[in-house]
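The following briefing concerns the structure shown below. It is arranged by topic for a reader concerned with residue-level detail.

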Amino acid sequence: MIDPKLLRSDPETVARNLARRGVVFEVAAWRALEERRKGAQLESDRLRAERNANAKAVGMAKGRGADASALLARGEQLTGELAAVERALTSVQAEIDGWQLALPNLLHESVPDGTSEADNREVRRWGEPRAFEFQPLDHVTVGERLGGLDFQAAARISGARFVVMRGQIARLHRALAQFMLDLHTLEHGYTEVYVPYLVQSQALFGTGQLPKFEQDLFKVAGAQDFYLIPTAEVPVTNLVREQILGAESLPLRFVCHTPCFRSEAGAAGKDTRGMIRMHQFDKVELVHIVRPESSYDALEALTGHAEQVLKRLGLPFRTMALCAADIGASAAKTYDIEVWLPSQRRYREISSCSNDEAFQARRMQARWRTPQGKPEPLHTLNGSGLAVGRTLVAVLENYQQADGSVAVPDALRAYLGGLTRLAPD
């Protein structure tokens, strides 16, 4: 949520910033709404003060033994008028809240301008794509030849955009997640957490998925209203919901491995083959909770930690600064890390690392106590470190051999009992 004080004091600046995203913020309509709110608030305060004064007058009149009937009648009238004004105030405040919840975050000044993903800016590149002596296959063919990827069985069970993994592929998938968790906890200083996969709506409101992106979520029908998590960012970031943290406890760094569930409502026809875009996939998520002044240093650190996974696995990648039109609604700045896929001869996203500044913290009422003793919103950051399924895809494609086997990256061999390659049965 954008700072309400800034919205009230300088809506023109907000409008200019949101325009970079292609979002139209109607300043005149917002000001009219604010005038209605202020008018209703002033009238509410006036009526309440008059009612209180009238109540004192009634007490004094009765104390003198005087007739208080007129004052009592006026008190009833004031109570009715106050109730009507408060209903109007509640109504206009609901409109304001609706506007605020629908607005995306303000962009950091360093975010590149642009109108589409074509305007994203490359920040750095690591590794050279492998020169194959044969025509590289896609991960679907590689995995099926290894007997480890079965999309037909998954379709019989659940439909499209699911996969069944078997044997050595399932083991490789598990090894990737374990490797990532160990790297982040043992070398990068994260605290591992295990969290619920079902959350209530207020958790999704807190991180910004609701109300705007409900179509992307899976809602669970039952005695209670739950949603399956689209990312561990939701439950992990909500660990600080409605909390005031001491300065000495910051920064917090959490890492969490969970399945993620997404309806992919806006992705009809996109990446229908294979594991690039699934309804269910695993991810190792990184979350930072920090003081505002250190959040951009934290963004660079978090992005570097995600990149380190790919470096250890020997997978070529590039890091992109997303432009204004391509950045997520909650983020003030985002880096996408894209891994090289030989079958597509292009880089594909494997991680998004974002600084949400105070946007989520305001929605969650997540604060820290400054050295001056004042509670202020925290800054929250999140990023994939990494998407496990897409990392599996990248390993299968980049390490495939001419005989149909797949070499195991050095960093994973200890997790596979010393296995050096996956071979067809």
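**Salt bridges, helix packing and a buried glycine**

Across the whole structure, a search finds 26 salt bridges. The model is a predicted one. The points below treat selected salt bridges, two helix pairs, one single helix and one glycine.

**Salt bridges**

- Arg318 and Glu122 form a salt bridge in which the closest N and O atoms are 3.8 Å apart. Arg318 belongs to strand 11 (residues 317-321) and Glu122 to strand 1 (residues 121-126), so this pair ties together parts that are 196 residues apart in sequence. Glu122 is partly exposed, its relative accessible area being 34%.
- Arg273 forms a salt bridge with Asp138, with 2.6 Å between the closest N and O atoms. Arg273 is located in the loop between strand 9 (252-261) and strand 10 (280-290), and Asp138 in the loop between strand 1 and helix 5 (139-145), so the pair ties together parts that are 135 residues apart in sequence.
- The two partners of that bridge fall into separate accessibility classes: Arg273 counts as partly exposed at 47% relative accessibility, whereas Asp138 is buried, with a relative accessible area of 17%. Asp138 is assigned to the buried class because 17% is under the 20% cut-off.
- Glu293 is joined to Arg291 by a salt bridge, the closest N and O atoms lying 3.8 Å apart. Glu293 is exposed, with a relative accessible area of 57%, while Arg291 is partly exposed at 28%.
- A network of salt bridges links Glu43, Arg46, Glu50, Arg74 and Glu81.

**Helix 2 and helix 3**

- Helix 2 (residues 11-19) packs with helix 3 (residues 27-64) at an angle of about 140 degrees, and their axes are 10 Å apart. The crossing of helix 2 with helix 3 is right-handed.
- On the helix 2 side, Pro11, Glu12 and Ala15 meet Val27, Trp30 and Arg31 of helix 3. Classified by residue type, this contact of helix 2 with helix 3 has four nonpolar, no polar and two charged residues.

**Helix 7 and helix 12**

- Helix 7 (residues 167-187) and helix 12 (residues 388-398) pack at about 115 degrees, with 10 Å between their axes. Their crossing is right-handed.
- Helix 7 contributes Ile169, Leu172, His173, Leu176, Ala177 and Met180 to the contact, and helix 12 contributes Val388, Gly389, Thr391, Leu392, Val395 and Leu396. By class, the contact of helix 7 with helix 12 has nine nonpolar, three polar and no charged residues.

**Helix 10**

- The 19 residues of helix 10 (residues 295-313) should span 27 Å at 1.5 Å a residue, and the end C-alpha atoms are 28 Å apart, which agrees.
- Buried residues of helix 10 include Leu299, Leu302, His305, Ala306, Glu307 and Val309.
- Gly314, just after helix 10, takes a positive phi of about 70 degrees.

**Gly385**

- Gly385 is in strand 16 (residues 379-387) and counts as buried, at 0% relative accessibility.
- The C-alpha atoms of Gly385 and Leu181 are separated by 8.7 Å, although these residues are 204 residues apart along the chain.
- Not counting residues up to four places away in sequence, Gly385 touches Met180, His184, Val284, Leu286, Ala306 and Val309. Among these, Ala306 and Val309 are buried residues of helix 10, and Met180 is one of the helix 7 residues in contact with helix 12.

Definitions and conventions: Residues are numbered from 1 along each chain as its sequence is written. This is a predicted model: local features need pLDDT of at least 70, side-chain atom pairs count only at pLDDT 80 or more; totals for chains, interfaces and linings use all residues. Side-chain values use heavy atoms; hydrogens and water are left out. A salt bridge is a side-chain nitrogen of Lys or Arg within 4 Å of a carboxyl oxygen of Asp or Glu. Helices (H or I, at least four residues) and strands (E, at least two) are DSSP runs, numbered from the N terminus. Buried means under 20% relative accessible area, exposed over 50%, partly exposed in between (1.4 Å probe, protein chains only). Axes are lines fitted to C-alpha atoms, for helices over the stretch in contact, and angles run from 0 to 180 degrees between N-to-C directions. A crossing is left-handed if the near helix is turned anticlockwise from the far one by less than a right angle, and right-handed if clockwise. Contact means heavy atoms within 4.5 Å. Ala, Val, Leu, Ile, Met, Phe, Trp, Tyr, Cys and Pro count as nonpolar, Asp, Glu, Lys and Arg as charged, and the others, Gly among them, as polar. The expected span of a helix is 1.5 Å times one less than its number of residues.
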